[in-house]
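Here's a quick tour of one protein model, pitched at someone new to reading structures. Have a look at it first, then we'll walk through a small part together.

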Amino acid sequence: MLKSNLQKIILIPTIISMVLISSVFHKKLTFAATLKVVNTNSLNVRSGAGTKYKVLGKLTKDTKISVISESKGWSKFTYNKKTAYVSSKYLINASTTKYVNTSSLNVRSGAGTKYKILGKLKRNTKINVISTSKGWSKFTYNGKTAYVNSEYLSNTKSVILNVPYISQYPDLPLGCEATSLAPLLQFKGVNVSKTTIAKEMKKSPNKNPSLGFVGSPFKNEPGIFQTIYPEALVSSAKKYRPNSENITGASVKTIEKELRAGNPSVIWMSLNLVTPQMGYWYENTKDQIWVNKNLHVMTVTGVDDDNFYITDPAKGKYSVSKTKFESIYNKVGKKALVVR
């Protein structure tokens, strides 16, 4: 009985050591997958790492493969759902074109913030990413291997139009529409103020914002839904920029296309970009209309792969995800006016 227990005591640390050694050894053999390109007309795919192994198939030139690991001149990858190997000397690094989507991006000597900063990249700088692992992208910088945070890279160039910010306060507490249109006109070279737009824009003959502004943009009038819709505000835009257009009903892709062409838009959204409170105003009267009760008008002045950039007359400049933007925009009724 004593001998049996002694054997167990000896075996337990031995087993633990074997597990730890196995774990460490496994970690050393684990690699981040790297995209490679075949650089020969025909490359044999083999069942093992050597010419003595069975040929499973062939890869043609410029075929891209994801290499799991590389050892002694052979690259391991998945071929027809099975582990396979090709000679590494016939592979070259593949690169993916990316663009910097922030104003300044640190270039580091290693994949992490603890590594030395080698330089900085400006917005829309084009780089060729060799591989990406754990949030860091590897590329060549000044002839050397370097890394940048993948979060700040996009597939396409970001567009941030240099639209000035104008606050609607204090003189236009209900004039977000006029204060949104004025800076877009200024961006297009028109010297016009928010108060000029507020005074000139159409006034509704009743309570219908599609015909003109209801109430006054200069003061709060309780009980009145104070706004103007794009079909009425567009005349103010056309006065100064004749090619401007009411694009109500347009998709977010159309808005993005206009931005990439240098044309920002006034959009009808919700205050603080919260969920729209859709409901009836003037319910059970001849003036009844379906509206967003927390309506706010702002401008969309930039775009990248994941975000739209907003210039808001009440809050300033900020970004919002495309998903959230589209959800609010659609619920409010796809109301927009593009200034060309």
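## A pair across two strands

V37 sits opposite K64, a residue of strand 4. Keep in mind that this is a predicted model. Just along the way, L35 has a bridge partner in strand 4 too, namely S66.

Which strand does strand 4 pair with over four bridges? That's strand 1, covering residues 34–38, and the pairing is antiparallel. As a bit of background, strands in a sheet pair through backbone hydrogen bonds, in either a parallel or an antiparallel way.

## The sheet around them

Zoom out a little, and you'll find an open sheet of three strands in the order 4-1-8, paired antiparallel. Strand 4 (64–67) and strand 8 (91–93) are the edge strands, so called because each one pairs on one side only. On average, neighbouring strands in this sheet are turned by 45 degrees against each other, if you ignore direction.

## Two faces of strand 4

Which side chains of strand 4 are buried, and which are not? They alternate along the strand: I65 and V67 point to one face and are buried. K64 and S66 point to the other face and aren't buried.

## What the record says

UniProt, in an unreviewed entry, lists "domain: SH3b" for residues 33–94 and 95–157. Over residues 33–94, the chain is 0% helix and 61% strand, with its end C-alpha atoms 12 Å apart. For residues 95–157, the figures are 0% helix and 59% strand, and the end C-alpha atoms lie 17 Å apart.

Methods: Residues are numbered from 1 along each chain as its sequence is written. This is a predicted model: local features need pLDDT of at least 70, side-chain atom pairs count only at pLDDT 80 or more; totals for chains, interfaces and linings use all residues. Side-chain values use heavy atoms; hydrogens and water are left out. Axes are lines fitted to C-alpha atoms, for helices over the stretch in contact, and angles run from 0 to 180 degrees between N-to-C directions. UniProt positions are given in the numbering used here, feature names are shortened, and annotations may be inferred rather than shown by experiment. Buried means under 20% relative accessible area, exposed over 50%, partly exposed in between (1.4 Å probe, protein chains only).
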